[in-house]
Amino acid sequence: MKMRNILAATTATVALAGTAFAAGHETMKIGITQNNVGVDSYQTTYEQAFIAAAEANDAVETVVLDAGGDVARQIAQMEDLIQQEVDAIIIWPTNGEAVIPAVRKAHQADIPVIVTNSNIAEAGFDFVSSFSGPDNITQGARSAEIMCDKFKDMGIESEAQVVHITGQPGYTTAIERAKGFEDRLPEVCPDVTVVDTQPGDWNREKSQKVMEAFLVKYDDIDGVYAGDDNMGVGALNAAKAAGRDGIIFVGATNFAVGYEAMERGEYWGSIYQSPVDDAEAALQTAIDVLNGEEVPFLNYFDTPKITQDNMGDYTKPVF
C-alpha cells in the first residue's frame, strides 16, 4: 500500500475511535507535551495534524503543550497535566533520560503515558503504556543500505569515505538513527569508512556549518548521512557553495526540501516518514489505551526507503 492511501485509512480510524470510553464516561481528556514545535516543519505539521484529528473526534478533549526543546519546561508541563487529572498523557520527549521521573509520577497517578515519535530510555519503559512512532534503528539501517547500494552502483564501495551529521545529543531518535546507520553500514559495505561524526541538532543552518568544516578538513568525501533531511539539505547547501560535486547525500524523514533536492538530482535518498501519520497514530494509541484495548508496547508505523529511483511512488511531503 502506498503511503498516500495509508494516510486516508489512518484518518478514518481516528475519527471513529473513542466511542467505548465515551459511552459510559465523560469525554476523554488527553494532554500532550511536545518536544519543540518551532524547530522544524515536521514538528509544526505534527501539531497541526494532532489538533485536527482531535477536533474531528467528539469523544476527545485535548490540552496541547510545547516544551520548546527545554527539558525543565517539559517536566513542569508533565506535572501540570498530572494536576489537571487528564485521562492520558502523550509525551514527545526532549530528552529520553531526563523525563523519566516525570513519566513515573504520571504512572503513579494512574495516568497512562504514551510516548510519541522518539522513545524514552529503557529505564522508563515500566512507566509507559505504549510507544507510538517510527522504528528509528531500522531507519538508520535502511539509510545505510541506500548509501551502500549507491556506492556499489558507482563502483566505489571499496574506498568511499563518509561523514555523519547526527541530531540533538541525548535525544533518543538521534541516538537510535546513528546506531542503526553505524551498525548496518559495515555489514553491507565493510570497506566504507565513516571519517567523522558531528551533531547538527536537527538544525539546517548548524548542519551547513558542520559540513563547511568537514569540507575544509577532508579533501575526499564521497557520502553524507544526516539524521534528517533538514540537516542533509544544510550539508548539501555547504557542498554546493564550495563547488564540491559528486557527493552522495542520504538522510531520513523525507522533508519537502529533501524531496525537491531529489527531484533536482542533487540528493540521493531518504526515509519516508509522515508527521500526519505520526500524530494520528499517537492520538489513536492513547484512545485505544483508554478504551482498554490491547496495544503493542512498540507500536511502529512503516517508514520505507525513498530514492531518486522510486520517488514517483510517493507524494511530496507537506512539511
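This report describes the largest pocket and the disulfide of a predicted model.

**Largest pocket**

The largest pocket holds about 310 Å³ of space. Its lining consists of 19 residues, and N119, I120, F125, T172 and E176 are those that lie nearest the centre. Three elements give two or more residues each to this lining: the helices α6 (136-154) and α7 (172-188), and the strand β11 (298-300). Of these, α7 provides the largest share of the lining, with three residues. Sorted by class, the residues that line the largest pocket comprise ten nonpolar, five polar and four charged ones.

**Disulfide**

The model contains one disulfide. The bond joins C148 to C189, with an S to S distance of 2.0 Å. The link of C148 and C189 is right-handed, with 80° about the S-S bond. Distant parts of the chain are connected in this way: C148 belongs to helix α6, whereas C189 lies in the loop between α7 and β7 (193-199), and the two cysteines are 41 residues apart.

The table gives the accessibility of the two partners.

| Residue | Relative accessible area |
|---|---|
| C148 | 1% |
| C189 | 2% |

Because buried means under 20% relative accessible area, C148 at 1% is buried, and C189 at 2% also counts as buried.

**Elements in both features**

Helix α6 appears in both parts of this account: α6 gives two or more residues to the lining of the largest pocket, and α6 carries C148 of the disulfide. Helix α7 contributes three residues to the pocket lining, and the loop between α7 and β7 holds C189.

Note on methods
Residues are numbered from 1 along each chain as its sequence is written. This is a predicted model: local features need pLDDT of at least 70, side-chain atom pairs count only at pLDDT 80 or more; totals for chains, interfaces and linings use all residues. Side-chain values use heavy atoms; hydrogens and water are left out. On a 1 Å grid over the protein atoms alone, a cavity is a set of points where a 1.4 Å probe fits but cannot get out, and a pocket is an open set with protein on both sides within 12 Å along at least five of seven lines; lining residues have an atom within 4 Å of a point. Grid points are joined across faces, edges and corners, and a volume is the space filled by probe spheres set on the points. Helices (H or I, at least four residues) and strands (E, at least two) are DSSP runs, numbered from the N terminus. Ala, Val, Leu, Ile, Met, Phe, Trp, Tyr, Cys and Pro count as nonpolar, Asp, Glu, Lys and Arg as charged, and the others, Gly among them, as polar. A disulfide is a pair of cysteine sulfur atoms within 2.5 Å. Buried means under 20% relative accessible area, exposed over 50%, partly exposed in between (1.4 Å probe, protein chains only).
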